[in-house]
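Subject: Structure handover

Hi,

Here is the structure I promised to pass on to you. Have it open while you read, and my notes on what turned up in it follow below.

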Amino acid sequence: MKLENLKPAKGSTKANKRVGRGEGSGKGGTATRGTKGAQARAGYAHKIGFEGGQMPLQRRVPKFGFKNPTRVEYRPVSLSALQALAEAANTTEINVDLMRDYGLASKTDLVKVLGNGEITAAVTVEADAFSKSAISKIEAAGGKAVVTE
C-alpha cells in the first residue's frame, strides 16, 4: 500500500451535480432552481432562521426564565473535604489558594464552606463565605472561620 494508491471506499463519494450546462444535461434552463423568484436569481441569501414566511421557530417558542445579573455564585466545599485536605497538606491553616492547589476550587471561584460532614482537626479556615453550621462545627473542633474580603 502506498500513498498514491489510496482512494475512498466504494460508494462513499458522489460526483458533483453539473447544473446550467444546457438542455441535454437534463438540468438545463433553470439549473434545478425552479422558476422565477429571488431563489432562482444569483446572489440570493436568506436570513438566518428564515422559514419561507412561516413564523420562525425562535418566534414561535415562548420566552421564559430570568438570569439575575448580580447573582454571586459560590463553589461549595464541605467540611469533610477540608478534613481530608488538612490531613493531606499536614497544615493548620487552610485558605482559598490551598484549596485551589488541591483541586477543590478553580482560579476564579468564590468558595463557600458548608457544614456537610465532620471536622476534627483544629484548623483556621479562610474562605469567601461560611454556612452557620460550618462555623459552629469548625469552632467546636477548636478552629477558626475567617471570612476574606
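To get your bearings, in which helix does Glu-87 lie? Glu-87 belongs to helix H2, which covers residues 79-89. Please keep in mind that this is a predicted model.

**Around Glu-87**

Is Glu-87 buried or exposed? Glu-87 has a relative accessibility of 56%, and exposed means over 50%, so Glu-87 counts as exposed. The side chain of Glu-87 makes a polar contact at 2.7 Å with the side chain of Gln-83. If you would like a sense of scale, try Gly-26: Glu-87 and Gly-26 are 61 residues apart in sequence, and their C-alpha atoms are 79 Å apart in space.

**The sheet beside H2**

H2 lies across S1 and S3, and runs at about 70 degrees to S1. Those two strands belong to an open sheet of three strands, ordered S1-S3-S5, with parallel pairing. Its edges are strand S1 (74-78) and strand S5 (129-130), each of which pairs on one side only. Strand S3, residues 110-114, pairs with S5 over two bridges in the parallel sense. For a residue to click on, take Lys-112, whose bridge partner in S5 is Ala-129.

Strand S1 also holds Ser-78. With a relative accessible area of 19%, Ser-78 falls under the 20% limit and is therefore buried. The side chain of Ser-78 makes a polar contact of 3.0 Å with the side chain of Ser-80. Once neighbours within four places in sequence are set aside, Ser-78 is in contact with Leu-114 and Asn-116.

**The nonpolar core**

How many residues does the largest nonpolar core have? The count is 19, and the residues with the most contacts inside this core are Leu-79, Leu-82, Ile-94, Met-99, Val-111, Val-113 and Val-125. The elements that contribute two or more residues to the core are H2, helix H3 (96-101), S3, strand S4 (124-127) and helix H4 (132-140). H2 supplies the largest share of this core, with four residues.

Leu-79 is worth a look in your viewer. Leaving out residues up to four places away in sequence, Leu-79 touches a list of residues that includes Val-113, Leu-114, Gly-115 and Asn-116, and also Ala-134, Lys-137 and Ile-138.

**Strand S4 and its partners**

Which residues make up the covered face of S4? They are Val-125 and Ala-127, while Thr-124 and Glu-126 form the uncovered face. S4 runs parallel to strand S2 (residues 93-94), and two bridges join them. Within that pairing, Ile-94 has Val-125 of S4 as its bridge partner. S4 is also joined to strand S6, residues 144-147, by four bridges, and this pair runs parallel too. Here Thr-124 stands opposite Lys-144 in S6.

**Salt bridges**

The salt bridge count comes to five, and I will go through some of them.

- Arg-60 forms a salt bridge with Glu-51, and their closest N and O atoms are 3.1 Å apart. Arg-60 has a relative accessible area of 42%, so this residue is partly exposed. Glu-51 is also partly exposed, because its relative accessibility is 30%.
- Arg-71 and Glu-73 meet through their side chains in a salt bridge, at 2.9 Å from N to O. Both Arg-71 and Glu-73 are exposed.
- Glu-118 and Lys-137 have side chains that meet in a salt bridge, at 3.7 Å from N to O.

Why does the pair of Glu-118 and Lys-137 tie together parts that are apart in sequence? Glu-118 lies in the loop between S3 and S4, whereas Lys-137 is in helix H4, so the pair links parts that are 19 residues apart in sequence. Glu-118 counts as exposed because its relative accessibility is 55%. Lys-137, at 25% relative accessibility, counts as partly exposed. Both residues bring you back to Leu-79, since Glu-118 and Lys-137 are among the residues that Leu-79 touches.

Happy browsing, and best wishes

Definitions and conventions: Residues are numbered from 1 along each chain as its sequence is written. This is a predicted model: local features need pLDDT of at least 70, side-chain atom pairs count only at pLDDT 80 or more; totals for chains, interfaces and linings use all residues. Side-chain values use heavy atoms; hydrogens and water are left out. Buried means under 20% relative accessible area, exposed over 50%, partly exposed in between (1.4 Å probe, protein chains only). A polar contact is a pair of N or O atoms within 3.5 Å; within protein, one must be able to donate a hydrogen and the other to accept it, and residues adjacent in sequence count only if both atoms are side-chain atoms. Two strands pair if DSSP finds at least two bridges between them. Contact means heavy atoms within 4.5 Å. Axes are lines fitted to C-alpha atoms, for helices over the stretch in contact, and angles run from 0 to 180 degrees between N-to-C directions. A nonpolar core is a set of buried Ala, Val, Leu, Ile, Met, Phe, Trp, Tyr and Cys residues joined through side-chain atoms within 4.5 Å. A salt bridge is a side-chain nitrogen of Lys or Arg within 4 Å of a carboxyl oxygen of Asp or Glu.
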